[in-house]
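Here is a short set of exercises to work through with the model open beside you. Try each task yourself before reading its solution.

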Amino acid sequence: MEYTLAKLLNDGILDNWESVTEGIDYESIVVKSISVQELPMAAFLSPGEIVLTIAHGAGEDPDIIRRIVEEAGATGAAAVFFAFDEERKKVTKKVKEYAESIGLPLIRIDFDQKFTEIMDRVNKAIRMLRYEPYRRLQSDLFNAYFEGASLEDAVALTASSLKAPLAIADPYGEILAQTGDYRDGSVNVSIEVNGLRFGELRIGSDEILAHETEILKRYISFPVTLWFNQKRIEKITNAGMVSDFVLRLAKGEMNEALKREAGFLGIDLGKRYRAVIMEPVTAGLDQKMGFVRNTYEMMQRAGEAAEKEGLTAICGAEAERFTVFVESPLGGSSAAVDLFIARWARDIEKMFPALTLHFGVSREFRGDGGFRAGYSEALLSATYCEGDETKTVYYEEARKIRIMAAISSQESIREDAAGLLSGIIEYDKGGGSMELMKTLETLIKANGNVSETARQLCIHRQSLLFRIQKIEDLTGLSLKNHDDLFVLEVYSRLFVNY
């Protein structure tokens, strides 16, 4: 809806006014702004602007009024309001006829009325009329919500009001509802209240609405959040039930009542699972509190991350620890579980950038009795995550870590390892070109396979054999001897974490 000159003149904004020009349709003239101007003014005017002027200097030079009208007309001004402070200032017949010929209204107003008062009233009227469709849409959305309409109904109502295809997405970009003709949004409006972001309104629109994002946010955000909160409450309630169920499984509270509850929640206890423990390494109290406040979102993301990998997962949370029983694919491969963890970690990091996460993963288990043992294995594995980098430790790796921890606690063994490897370490520290420690690590990981080791190191087989000979010379042990290789593997693990 546009604010016209006719509406302005009929709204009582001006105390007194007199039309100088005749035969101009004020209903067809759109008023977009208003300003006080004196010559020169063409460079400062915009189309649709009303000019307020006292025609300064026109008492001595009547030609000033003509120039004002010509400059206003050339820039597409909506009208010129003259407030003459002396009788000798007049609009001549020639100027009047010129203004009528270009459709520029000339209005004489009361000199005693303050220009600032007129400008405030006009600008307020323009804003009110400009916002009217959005206020009406806001009211319609509130009514729709309290009448039980769906989010899809809210999208259709908003699209009809804005005359544009649109969609509503959650904070992670997933489309929750959209119109049938929606393809891609060129205008995105954050749906938020008091800094809390619920999602995004995506509008497939022209450039006009691109300048209205703050207005759209002001009038549409709050009513739309009602639907988000409704869904949120429903999902939080369900997530709370699942969380409680998972924590009871982890504690080994398996009984007939729990099995019936699994059926009610749609959980198949007979599948193959791995337990996953996730714990954040929080940087401070604010981050810790923010993490706890977003518990539900992180639980939701766990389920969605598993679903995208073709798995099912149930998640529970207690303080800052998250317990997930995630389906283990046929064959026992950990690859799908790795992808699930990586995807979940990325989703969490979107909410908490640079947050370090530690994951512990159990062995695969199946059946009612494995949940408690799986939880214990995952918890133990998580304790072996160290440092300020996101890391995942599987129980199979944790066993090796425990063995190494026991060995490294023996002073005599540490001293013997340092002595045995000192030649290699000193060679590498001295800038040796063969990277002997890395060569030894790679050979051990490749189970002594020379060809595979050479391939991983990107060197010729003959070069590798030369390095092996160098290692044997510096340690006095043979890499072809199983017992010697075992000693070198154990001792090298004391110095290198891989």
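A starting point is charge: this predicted model has 59 positive and 77 negative side chains, and the centres of the two sets lie 4 Å apart.

**Exercise 1. Decide whether the chain is a compact globule or more spread out.**

Solution. Begin with the secondary structure, which comes to 18 helices and 15 strands. Next, take the radius of gyration, 38 Å, and set it against the 23 Å that the globule rule gives for 498 residues; the value for the chain is well over the rule, so the chain is more spread out than a compact globule. Then look at the box filled by the C-alpha atoms, which is roughly 115 × 65 × 40 Å along the principal axes. To finish, turn to the surface and the contacts. The chain exposes about 25,600 Å², with carbon and sulfur atoms supplying 50% of that area. Buried residues make up 44% of the 498 residues. Among contacts with a separation of 6 or more, 67% are accounted for by residues 24 or more positions apart.

**Exercise 2. Find the residues that touch the most other members of the largest nonpolar core, and trace which elements build that core.**

Solution. The core has 30 residues, and those touching the most other members are Leu 162, Ile 168, Leu 201, Ile 203, Ile 220 and Trp 227. Now map the core onto elements: α4 (115-146), α5 (151-162), β6 (166-169), β8 (187-193), β9 (196-203) and α7 (213-250) each supply at least two residues. The largest share, eight residues, comes from α7. For a close-up, pick Ile 220: leaving out residues up to four places away in sequence, Ile 220 touches Leu 137, Leu 141, Thr 158, Leu 162 and Leu 201. There is also a second, separate core of 29 residues, which includes Met 299, Ala 306, Ile 341 and Trp 344. As background, nonpolar side chains in soluble globular proteins tend to be buried together.

**Exercise 3. Work out whether Arg 301 and Thr 356 are buried or exposed, and list their contacts.**

Solution. Arg 301 is found in helix α10 (residues 295-308). Its relative accessible area is 2%, so Arg 301 counts as buried, the cut-off being under 20%. Not counting residues up to four places away in sequence, Arg 301 touches Asp 170, Tyr 172, Trp 344 and Asp 347. Thr 356 lies in strand β13 (residues 356-361). With a relative accessible area of 8%, Thr 356 is buried as well. Beyond neighbours within four places in sequence, Thr 356 is in contact with Glu 279, Pro 280, Val 281, Gly 387, Asp 388, Glu 389 and Thr 390.

**Exercise 4. Examine the backbone at Pro 40, Ala 55 and Cys 458.**

Solution. Start with Pro 40, in the loop between β2 and β3 (49-53). The peptide bond from Leu 39 to Pro 40 is cis, with omega near -10°. Move on to Ala 55, in the loop between β3 and α2 (63-74). Phi of Ala 55 is near 50°, a positive value in a residue other than glycine. Ala 55 is buried, at 0% relative accessibility. Last comes Cys 458, in the loop between α16 (450-457) and α17 (461-475). Cys 458 also has a positive phi, about 60°, although it is not a glycine. At 70% relative accessibility, however, Cys 458 counts as exposed.

Conventions: Residues are numbered from 1 along each chain as its sequence is written. This is a predicted model: local features need pLDDT of at least 70, side-chain atom pairs count only at pLDDT 80 or more; totals for chains, interfaces and linings use all residues. Side-chain values use heavy atoms; hydrogens and water are left out. Helices (H or I, at least four residues) and strands (E, at least two) are DSSP runs, numbered from the N terminus. Buried means under 20% relative accessible area, exposed over 50%, partly exposed in between (1.4 Å probe, protein chains only). Contact means heavy atoms within 4.5 Å. A nonpolar core is a set of buried Ala, Val, Leu, Ile, Met, Phe, Trp, Tyr and Cys residues joined through side-chain atoms within 4.5 Å. The radius of gyration is taken over C-alpha atoms; the globule rule is 2.2 Å times the number of residues to the power 0.38. Accessible areas come from the Shrake-Rupley method with a 1.4 Å probe; for residues, only the protein chains shown count as cover. Lys and Arg count as positive and Asp and Glu as negative; His and the chain ends are not counted. The place of a charge is taken as NZ of Lys, CZ of Arg, CG of Asp or CD of Glu.
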